[in-house]
Amino acid sequence: MGAAYNYYRGNNSLIHLAVLFAAAFSSLQIVHSKLSPHYYSSSCSQAPSIVQSVVVAAIQKEARIGASLLRLHFHDCFVNGCDGSILLNDTDKFIGEQTANPNNNSIRGFHVVDDIKAQLEKACPGVVSCADILAIAARDSVVYLGGPSWTVPLGRRDSTTANRSAANTFIPAPTLNLTALISSFSAQGLALKDLVALSGSHTIGQARCTSFRGRIYNDSNIDASFARSLKRNCPMSGNDNELERLDIQTPTHFDNFYFENLVASKGLLHSDQELFNGSSTSADCLVKKYACDPHAFFKDFARAMVKMGNIKPLTGTQGQIRLHCSRVN
């Protein structure tokens, strides 16, 4: 009996140690799978400065490109997480996301990403992911155009496929109402405050006539003179690709004028103006707060960008580090 007891007790101890070891190993894997701002500190310490230099040069050449790089990161993260899938060209195995309705003839800045990747591959071959390039470039674009900075968690890996159907489903359209916008952001783990703050990215950039035509001809909550001015270049048919500034005041400077425009019923997109209708809703209160307090907007925008950048990243051994952002290895 004693021998048997000692045998089972010994086995139980071994089992207990095995469980503890498994738990510790699992925890170690989880720790290593988390994103970290110091991820490239030893493997490619020059990565941040390389990204920044290319982004700054690109914006100096064309101010609009900063908004384009920010939008690439946003549209990437909303489709199966921040995995660089938006950068993949079509293949015989899948149709990429670039021709999805929210992206087709709209997203741009791929040449800047390619330039960044080429320089990084020279400095640190096979180390920095395309998904991380998008995250850093988005931050650097905002900062250079006068917006807030934030610490970018890094360590994302790149997907080996893309999903056009998911892009059509999950990227919020400019025609959505507030309820649908809240639902779209909630599906990504983002709250109402994140929705309103991130919408403030429309303080820079431009939109095509086809994206705001319905608003200027059908919406009632729009300043009449503002609508008339837009109709001159965006008729009821034709001129689909005619561009208009998302922020009529400072389209190449990151500030809080976007929210001032909403209060004045001068939001360009239907989805923009849905955030403010002059009532006492939570969205209205946030818009008024950001219109009056740019520091509050900057703080919440930076926090929301970090939160968005953490949407389902590939880490550890998932995915790959693409050598060319437009195709898998």
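A disulfide here is a pair of cysteine sulfur atoms within 2.5 Å.

**Figure 1. Cys130 and Cys325 join up across a long stretch of sequence in this predicted model.** The two sulfur atoms sit 2.1 Å apart, inside the 2.5 Å cut-off. The S-S torsion of Cys130 and Cys325 is about -95°, so we call this disulfide left-handed. Cys130 belongs to helix H5 (residues 130–144), while Cys325 falls in the segment after H14, so the bond ties together parts that are 195 residues apart in sequence. Both Cys130 and Cys325 are buried.

**Figure 2. Cys77 and Cys82 make another disulfide.** Here the sulfur atoms are 2.0 Å apart. The torsion about the S-S bond of Cys77 and Cys82 is about 120°, so this one is right-handed. Cys77 has 0% relative accessibility and therefore counts as buried. Cys82 is at 0% too, and also counts as buried.

**Figure 3. Cys209 pairs with Cys234.** Their sulfur atoms are 1.9 Å apart, and a torsion of 75° about the S-S bond goes with a right-handed link between Cys209 and Cys234. This pair connects distant parts of the chain: Cys209 is in helix H9 (residues 209–218) and Cys234 in the loop between H10 and E2, 25 residues apart. Both Cys209 and Cys234 are buried. Stepping back, the model has four disulfides. Number the bonded cysteines in sequence order and the pairing reads 1-4, 2-3, 5-8, 6-7.

**Figure 4. Two more cysteines, Cys285 and Cys292, with their accessibility.** Cys285 has a relative accessibility of 41%, so it counts as partly exposed. Cys292 is exposed, with a relative accessible area of 68%.

**Figure 5. An aromatic cluster takes in Tyr290, Phe297 and Phe298, among others.** The full cluster is Trp150, Phe254, Tyr258, Phe259, Tyr290, Phe297, Phe298 and Phe301. The count of aromatic pairs comes to 14. In one of them, the rings of Tyr290 and Phe297 have centres 5.8 Å apart and planes at 50°, so the pair is tilted. In another, the rings of Phe297 and Phe298 have centres 5.7 Å apart and planes at 65°, so that pair is edge-to-face. Tyr290 and Phe297 are both buried, and Phe297 earns the label because its relative accessibility is 0%.

**Figure 6. The largest cavity holds about 60 Å³ of space.** The count of cavities of 30 Å³ or more comes to two. Around the largest one sit His73, Ala135, Trp150, Thr151, Val152, Pro153, Arg156, Met305, Val306 and Gly309. Helix H14 (residues 294–309) gives the most to this lining, with three residues. Sorted by class, the lining of the largest cavity has six nonpolar residues, three polar and one charged. Trp150 shows up here as a lining residue and also belongs to the aromatic cluster.

**Figure 7. The second largest cavity has about 30 Å³ of space.** Its lining is made up of Phe212, Ser229, Leu230, Asn233, Cys234, Leu243 and Glu244. Helix H10 (224–231) and strand E2 (243–245) are the elements that give two or more residues to this lining. By class, the lining of the second largest cavity splits into four nonpolar, two polar and one charged. Cys234 turns up on this list as well as in the disulfide with Cys209.

Methods. Residues are numbered from 1 along each chain as its sequence is written. This is a predicted model: local features need pLDDT of at least 70, side-chain atom pairs count only at pLDDT 80 or more; totals for chains, interfaces and linings use all residues. Side-chain values use heavy atoms; hydrogens and water are left out. Rings of Phe, Tyr and Trp (its six-membered ring) pair if their centres lie within 6.5 Å; planes under 30 degrees apart count as stacked, over 60 as edge-to-face and the rest as tilted. Buried means under 20% relative accessible area, exposed over 50%, partly exposed in between (1.4 Å probe, protein chains only). On a 1 Å grid over the protein atoms alone, a cavity is a set of points where a 1.4 Å probe fits but cannot get out, and a pocket is an open set with protein on both sides within 12 Å along at least five of seven lines; lining residues have an atom within 4 Å of a point. Grid points are joined across faces, edges and corners, and a volume is the space filled by probe spheres set on the points. Helices (H or I, at least four residues) and strands (E, at least two) are DSSP runs, numbered from the N terminus. Ala, Val, Leu, Ile, Met, Phe, Trp, Tyr, Cys and Pro count as nonpolar, Asp, Glu, Lys and Arg as charged, and the others, Gly among them, as polar.
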